[in-house]
Amino acid sequence: MAKTIVLYYSATGTTKAIAEYIAQQLGADLHAVQAAQPYTSTDLNWHDTSTRATVEQHQHNSRVAIKDDLPDLADYDNVVIGHPIWWGIPPRLVATLIDQLDLNGKHVALFATSGGSTYERSQSFVERTIKENGYEVTLNEGAVLNSPARVDQWLPRQNFKK
Ligand SMILES: Cc1cc2nc3c(=O)[nH]c(=O)nc-3n(C[C@H](O)[C@H](O)[C@H](O)COP(=O)(O)O)c2cc1C
């Protein structure tokens, strides 16, 4: 039987709750990705454009370091990655995550939670980062999943290895 892992980054717990629900529905393993330097509430204040998250998000193609405890993906067939949307795209550490995971040969699906943004720009961000790394992956169409009901609609449409 195929094995699935759900990796997620969540600054304030919303994505974490959805990631836990997805992992439960799939019988998948779960791993929380953390920033090497955690974000404070000041760092996350998007009303002040000089704060960390906002500055990082506006630096095109930049990377943010993650804590060095990523699982080995060798045993997994399917990889689900969840994140919030910051300034229309995934937090920059998601690019670092894609760089550092060996996604070659995996079936990959991404999801986000957001305050209203849809997934289109995030999908382009993810596709570009996968291409930069030269990975051959089966990439699903990502989606914003702000509720378990959305997950229930989304999951059956994913192309996962069985
Ligand atoms: C720095 C920052 C920027 C954000 N930018 C957006 C945005 O562009 N569009 C949007 O819909 N929500 C935006 N949000 C809201 C988050 O996407 C939303 O609250 C998300 O569910 C948080 O997930 P988390 O609790 O797992 O961190 C932003 C939040 C932060 C902290």
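These are my notebook entries on a predicted model of one protein chain.

**Entry 1: overall fold**

I began with the secondary structure. I count five helices and six strands in the protein chain. Read along the sequence, the order is β-α-β-α-β-α-β-α-β-β-α. I then looked up the radius of gyration. The value is 15 Å, close to the 15 Å from the globule rule for 162 residues, so the chain is as compact as a globular protein of that length. I also took the box along the principal axes. The C-alpha atoms fill roughly 50 × 35 × 25 Å.

**Entry 2: burial, contacts, surface, charge**

I looked up burial next. Of the 162 residues in the protein chain, 51% are buried. For contacts, I kept those with a separation of 6 or more. Residues 24 or more positions apart account for 77% of them. The exposed surface of the protein chain comes to about 8,200 Å². Carbon and sulfur atoms supply 48% of that area. I noted 14 positive and 18 negative charges. Their mean positions are 3 Å apart.

**Entry 3: helix α1**

I checked the length of α1, residues 14-26. Its 13 residues should span 18 Å at 1.5 Å a residue, and the end C-alpha atoms are 19 Å apart, which agrees. Which residues of α1 are buried? I list Thr15, Ile18, Ala19, Tyr21, Ile22 and Ala23. I then asked what these buried residues pack against. The partners are the strands β1 (4-8), β2 (29-32), β3 (78-84) and β4 (107-113), together with the helix α5 (148-154). I also looked at what follows α1. Gly27 comes after the helix, and its phi is positive, near 65°.

**Entry 4: Thr113**

I picked Thr113, which is found in strand β4. Is Thr113 buried or exposed? Its relative accessible area is 4%, and the cut-off for buried is under 20%, so Thr113 counts as buried. I listed its contacts, leaving aside neighbours within four places in sequence. Thr113 touches Thr14, Thr15 and Ile18. It is also in contact with His83, Pro84 and Ile85. Val144, Leu145 and Asn146 complete the list. Of these partners, Thr15 and Ile18 are among the buried residues of α1.

**Entry 5: Gln59**

I went on to Gln59. It is found in the loop between α2 (52-57) and β3. Its relative accessibility is 41%, between the 20% and 50% cut-offs, so I log Gln59 as partly exposed. I also took one distance from Gln59. Asp48 is eleven residues away in sequence. C-alpha to C-alpha, Gln59 and Asp48 are 16 Å apart in space.

Conventions:
Residues numbered from 1 in each chain as written. Predicted model: local features only at pLDDT ≥ 70, side-chain atom pairs only at ≥ 80, totals over all residues. Heavy atoms only, no water. Helix = DSSP H or I, 4+ residues; strand = E, 2+ residues; numbered from the N terminus. Rg over C-alpha atoms; globule rule 2.2 N^0.38 Å. Buried < 20%, exposed > 50% of the residue type's maximum accessible area, 1.4 Å probe, protein only. Contact = heavy atoms within 4.5 Å. Areas by Shrake-Rupley, 256 points an atom, 1.4 Å probe, with all protein chains shown as cover. Lys, Arg positive; Asp, Glu negative; His and termini not counted. Charge placed at Lys NZ, Arg CZ, Asp CG, Glu CD. Expected span 1.5 Å × (residues − 1).
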